[in-house]
Amino acid sequence: MGFLKRIFGSAPALDLNQLATSQTLGEYAQVHLLAQFDPPRPLDTPAVRQRWSRVLPQSYDETVALLTKLGWLAQQGENYGTTAAAAAPVAAYRDRLLKERDEVMPRVRQALKAKDTSEALEIRRTYEARLPLGKADWTGPEPQMSHSALTRRILLTNHWLLDGLSPQTADWLRFYAAEQHLWGAGWQPSENELPAALGDELAAQGMVGMPPVEAAYWKARQLSLQAENHETWLRCKGGDHVRRIKLVGPDDEYTCESCRALLGKEYLVARTPELPHRSCTSPRGCRCVYEPVLESFDEQQQKV
Ligand SMILES: [Zn+2]
């Protein structure tokens with residue numbers, strides 16, 4: 001292998017601590033990749049390897065060979081795992097990721113407080129662009145065109161889901177839901193963040209049998225689902241390619257009978273029932289989702 005010869009022939013040995021603190025993407029990406037193998041796991045699929053190869057100084061396979069040769073990565077059957085020699089730098093790199101996360105989240109929060117959701121999304125994008133695969137392990141999928149507009153709608157919503165709640169609780173839920181939507185991620189708040197009355201208010205709405213932090217999570221989830229569903233419906237209504245919408249969603253112990261009865265059903269766009277279902281009795285709230293039904297090629301031909 002010419003590459004390994006090149007590396008071990010004349011190049012100075014790589015310093016893992018230096019790579020872990022480097023500000024150059026190609027350098028810290030190698031530690032980022034190394035950290036993926038703690039705990040041990042198999043190598044990535046060819047498609048993922050290709051994405052890594054674009055940011056690493058050499059290809060994915062060459063990097064794995066190099067990290068193994070240097071004694072930081074070891075093959076164990078089908079898996080690869082980091083070695084004791086790599087433990088400290090990998091831990092330092094993880095601390096760094098946590099620190100960067102703790103720095104960026106308040107900045108996004110500030111932009112959301114100012115109702116500037118485009119700025120908030122820009123901060124997220126800049127943060128993610130510095131990560132090797134363009135996303136953090138805790139953030140959601142690549143935001144769509146309408147993402148920050150949707151976050152803004154959640155931030156300003158007066159949906160009936162908030163009916164009966166005190167202004168303080170409603171405001172808090174809007175903000176919390178908007179923040180989660182912005183990141184495309186869900187997390188439970190810590191108890192001391194909750195408005196004092198939130199637990200009782202949500203329990204009065206039927207969100208019972210769970211701690212207030214969990215009720216807050218599901219209520220916020222309902223708010224963002226509502227915004228996303230409404231957006232999907234508008235898109236289907238405005239486009240030519242979708243005539244029908246299907247109701248999909250989780251079918252588990254928390255699914256109520258009224259939602260379950262409609263799961264999998266298809267409707268013409270104009271006749272699609274409103275989501276969330278007002279009849280839903282689940283303590284987690286309605287989790288049903290609109291799914292555009294793509295017409296087959298034949299059907300599209302007939303329309304022309
Ligand atoms: Zn339901």
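# A guided tour of the chain

Helix 9 and helix 11 cross in a right-handed sense, and this pair is the opening stop in a model that is predicted. Select residues 167–183 for helix 9 and residues 212–238 for helix 11; the two axes lie 9 Å apart and pack at an angle of about 70 degrees. Helix 9 and helix 11 are therefore roughly perpendicular to each other. To display the contact itself, show L173, R174, Y176, A177, Q180 and H181 on helix 9, together with A216, K219, A220, L223 and S224 on helix 11. Sorted by class, this contact comprises six nonpolar, three polar and two charged residues.

**The whole chain**

Next, zoom out to the full model. The chain contains 13 helices and five strands. Its C-alpha trace extends about 70 × 60 × 35 Å along the principal axes. Of the 304 residues in the chain, 30% are buried. Among contacts with a separation of 6 or more, 64% join residues 24 or more positions apart.

Colour the chain by its domain assignment: domain 1 covers 2–93, domain 2 covers 100–191 and domain 3 covers 222–303. The centres of domain 1 and domain 2, taken over C-alpha atoms, are 33 Å apart.

**Helix 3 and its surroundings**

Select residues 25–35, which form helix 3; Y28, A29, Q30, V31, H32, L33 and L34 are buried there. Then add the elements that cover these buried residues, which include helix 2 (16–21), helix 4 (46–55), helix 5 (60–69), strand 1 (73–76), strand 2 (79–82) and helix 6.

From helix 3, follow the backbone into the loop that leads to helix 4, where P39 is found. The peptide bond from D38 to P39 is cis, and its omega is near 0 degrees.

**Helix 6 and helix 7**

Move now to residues 84–113, helix 6, and residues 117–129, helix 7; their axes come within 7 Å and cross at roughly 165 degrees. Helix 6 and helix 7 thus run roughly antiparallel to each other. The crossing of helix 6 past helix 7 is right-handed. Display V104, R107, V108, A111 and L112 on helix 6, which meet T117, E119, A120, I123, R124 and Y127 on helix 7. By class, seven nonpolar, one polar and three charged residues make up this contact.

The loop between helix 6 and helix 7 holds K115. Inspect the backbone of K115: phi is near 60 degrees, a positive value in a residue other than glycine. Is K115 buried or exposed? K115 counts as exposed, because it has 12 C-beta neighbours inside 10 Å.

Within helix 7, select S118. With 13 other C-beta atoms within 10 Å, S118 is partly exposed. A distance label drawn from the C-alpha atom of S118 to that of G239 will read 25 Å, for two residues that are 121 residues apart along the chain.

**A second cis proline**

For the last stop, go to the loop between strand 4 (266–268) and strand 5 (289–294), where P276 lies. Which residue precedes P276 in a cis peptide bond? The bond runs from L275 to P276, with omega near -5 degrees.

Notes
Residues are numbered from 1 along each chain as its sequence is written. This is a predicted model: local features need pLDDT of at least 70, side-chain atom pairs count only at pLDDT 80 or more; totals for chains, interfaces and linings use all residues. Axes are lines fitted to C-alpha atoms, for helices over the stretch in contact, and angles run from 0 to 180 degrees between N-to-C directions. Helices (H or I, at least four residues) and strands (E, at least two) are DSSP runs, numbered from the N terminus. Angles under 35 degrees count as roughly parallel, over 145 as roughly antiparallel, 65 to 115 as roughly perpendicular and the rest as oblique. A crossing is left-handed if the near helix is turned anticlockwise from the far one by less than a right angle, and right-handed if clockwise. Two residues are in contact if their C-beta atoms, placed from the backbone, lie within 7 Å. Ala, Val, Leu, Ile, Met, Phe, Trp, Tyr, Cys and Pro count as nonpolar, Asp, Glu, Lys and Arg as charged, and the others, Gly among them, as polar. Domain bounds come from an automatic or database domain assignment. A residue is buried if 20 or more other C-beta atoms lie within 10 Å of its own, exposed if 12 or fewer, and partly exposed in between; C-beta atoms are placed from the backbone.
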